[in-house]
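Please open the model in your viewer and keep the sequence panel beside it, so that you can select residues by number as we go.

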Amino acid sequence: MSHSIQSQAGHGLPMILVVDYGSQYTQLIARKVREMSVYSEVIAPGKPLPHSDNPILGVILSGGPQTATGNEQPIDEAILALDVPLLGICYGMQAMAIHGGGLVKKGEVGEYGHTELSLTPSPLWAMLPADAKNHLRVWMSHEDHVVKLPEDFHIIAASRHAPIAAMAHKHKPWFALQFHPEVSHTEHGDAMLAQFVQGICQCPQAWQVTDIETSLISTIQEQVGQDHVLLGLSGGVDSSVLAALLHKAIGDQLTCVFVDTGLLRRGEADQVMTTMHDHMAVNVIKVDASERFFQQLQDVTDPETKRKICGELFVEVFQEQSKALRHNTIWLAQGTIYPDVIESGGVHGTAEVIKSHHNVGGLPETLGMPLLEPLRMLFKDEIRLLGKCLGLSEVFIGRHPFPGPGLCLRVIGEVTPERVATLQACDAIFIEELHAQGWYNQVAQAFALLLPVMSVGVVGDQRAYAPVVGLRAVTSIDYMTAEWADLPRELLTKVSSRIVNEVPGVSRVVYDITHKPPATIEWE
């Protein structure tokens with residue numbers, strides 16, 4: 001790409017900088033800071049600091065998968081030169097220990113999960129309730145331990161297996177925690193982060209999602225000028241909000257391409273066209289590419305291969321439509337958001353790849369279109385708030401996330417029109433019953449899966465050997481962590497009964513009760 005537009009949200013605001021050492025919770029840290037109405041950004045170690053007109057009032061060093069006992073990444077001198085408060089979390093604590101001359105070793109016993117801490121007085125505990133300032137239950141995930149304090153540090157928390165579970169500098173506003181305050185499993189973790197951000201760093205509450213609409217529109221108008229923009233519209237929350245934002249910014253210069261891949265939820269194609277074209281007056285071109293997608297996916301079972309095939313086909317369709325529009329310059333707009341980026345390998349490639357997203361990286365240089373990603377720096381809840389500001393209906397704002405490649409990632413194994421049709425019917429029943437019994441808005445995401453497993457059943461008085469359908473529903477705030485939803489037994493019973501009775505060729509229904517982590521929300 002010769003050039004691109006990314007989100008300018010928060011430009012010029014005082015901020016907390018989060019250094020990403022590769023933790024899957026890094027974006028959760030940044031999001032927690034933004035919930036305090038304080039802007040935050042994430043950078044990788046060794047990368048240049050963000051915009052010079054964003055005053056950095058504090059730095060948080062994230063955890064990470066690497067070890068500090070031989071493969072450590074040092075703290076950048078540019079970070080230390082800022083002379084601002086510093087908070088190290090997990091690996092970040094170990095990096096601070098090594099920097100100050102301390103010692104980190106692999107422990108005989110690791111700490112994973114809930115751990116009891118004893119605390120000693122520290123400014124970092126100032127916002128904790130009185131009954132939590134001596135003992136606290138926190139979430140640990142480490143094997144390496146700080147076994148010798150760095151110079152001028154003292155212990156502020158200890159656990160059974162980690163005598164140095166938290167430490168603080170005697171003279172500087174530097175703090176380090178072996179546990180993870182950003183996850184919900186840590187008691188009063190939000191209070192610790194708030195004390196660091198608001199109490200110690202003295203950050204003003206200047207970040208409001210409702211304020212960024214104007215700045216995003218202004219940035220888009222300035223950069224795009226009189227050019228045209230092509231947006232791949234999926235009908236999900238992200239692309240719908242982006243369509244509304246771009247339409248408000250540049251009007252008829254926007255053309256949306258809605259690709260009917262044959263891999264959408266039942267009735268979704270008609271709903272998208274009716275809402276966007278008829279109700280919002282957005283220029284939408286519908287392309288029926290279902291035959292092409294099914295042909296390319298034939299005999300493919302690997303999920304990453306499925307994602308790449310879908311991504312390449314999307315690009316092909318966009319290229320074809322851009323040529324048909326006959327405009328001199330066309331930008332390709334994508335609804336890329338922060339969670340997409342982190343799961344595809346991190347904002348700057350430091351995190352472990354969980355799964356690739358078809359709209360994050362991998363676009364060919366031959367695409368010939370500059371990239372427009374105004375939502376790249378926003379989290380899902382911020383996207384929904386922006387959608388409300390733009391006047392989108394709750395039908396779109398409240399929709400559960402849906403993978404860009406569609407149902408091919410929920411048809412586990414081979415993807416065929418027949419298997420997709422079976423899944424569409426099962427999924428529609430599940431979602432219908434969630435709405436009917438008032439549970440749809442109580443879960444963050446819910447869907448059905450068609451498994452590559454055959455099961456013996458009894459249909460009527462005859463033996464049946466047919467596929468198994470899985471159901472998945474989770475609760476989550478940020479989609480970086482999630483818990484399986486404890487749906488009522490009566491609801492699950494009705495959904496199961498309807499599926500096996502109404503959908504031909506299904507013999508059994510199972511329910512997934514795995515958290516994220518260790519699982520991801522989607523199966524593929």
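This tour of a predicted model visits a single helix and then a pair of helices.

Begin by selecting helix α4, residues 189–200. At 1.5 Å a residue, the 12 residues of α4 should span 16 Å, and because the C-alpha atoms at its ends lie 15 Å apart, the expected and modelled lengths agree. Is this helix mostly covered or mostly exposed? Helix α4 is mostly covered, since 9 of its 12 residues are buried, and you can colour them in turn: Gly189, Ala191, Met192, Leu193, Ala194, Gln195, Phe196, Val197 and Ile200.

Now display what surrounds those buried residues, which pack against helix α1 (26–35) and against the strands β2 (15–19), β4 (56–61), β5 (86–89), β7 (135–148) and β10 (174–177). Before leaving this region, step just past the end of α4 to Gln202, where the backbone takes a positive phi of about 55°.

Next, select helix α6 (residues 237–250) together with helix α11 (residues 380–389), whose axes come within 10 Å and cross at roughly 40°. That angle makes α6 oblique to α11, and the crossing of the two helices is left-handed. Which residues make the contact? From α6, show Val237, Asp238 and Val241, and from α11, show Lys380, Ile383, Arg384, Leu386 and Gly387. If you colour the residues of this contact by character, they divide into 4 nonpolar, 1 polar and 3 charged.

How values were computed. Residues numbered from 1 in each chain as written. Predicted model: local features only at pLDDT ≥ 70, side-chain atom pairs only at ≥ 80, totals over all residues. Heavy atoms only, no water. Axes fitted to C-alpha atoms, helices over the stretch in contact; angles between N-to-C directions. Helix = DSSP H or I, 4+ residues; strand = E, 2+ residues; numbered from the N terminus. Parallel < 35°, antiparallel > 145°, perpendicular 65-115°, else oblique. Left-handed = near helix turned anticlockwise from the far one by under 90°. Contact = heavy atoms within 4.5 Å. Nonpolar A, V, L, I, M, F, W, Y, C, P; charged D, E, K, R; others polar. Expected span 1.5 Å × (residues − 1). Buried < 20%, exposed > 50% of the residue type's maximum accessible area, 1.4 Å probe, protein only.
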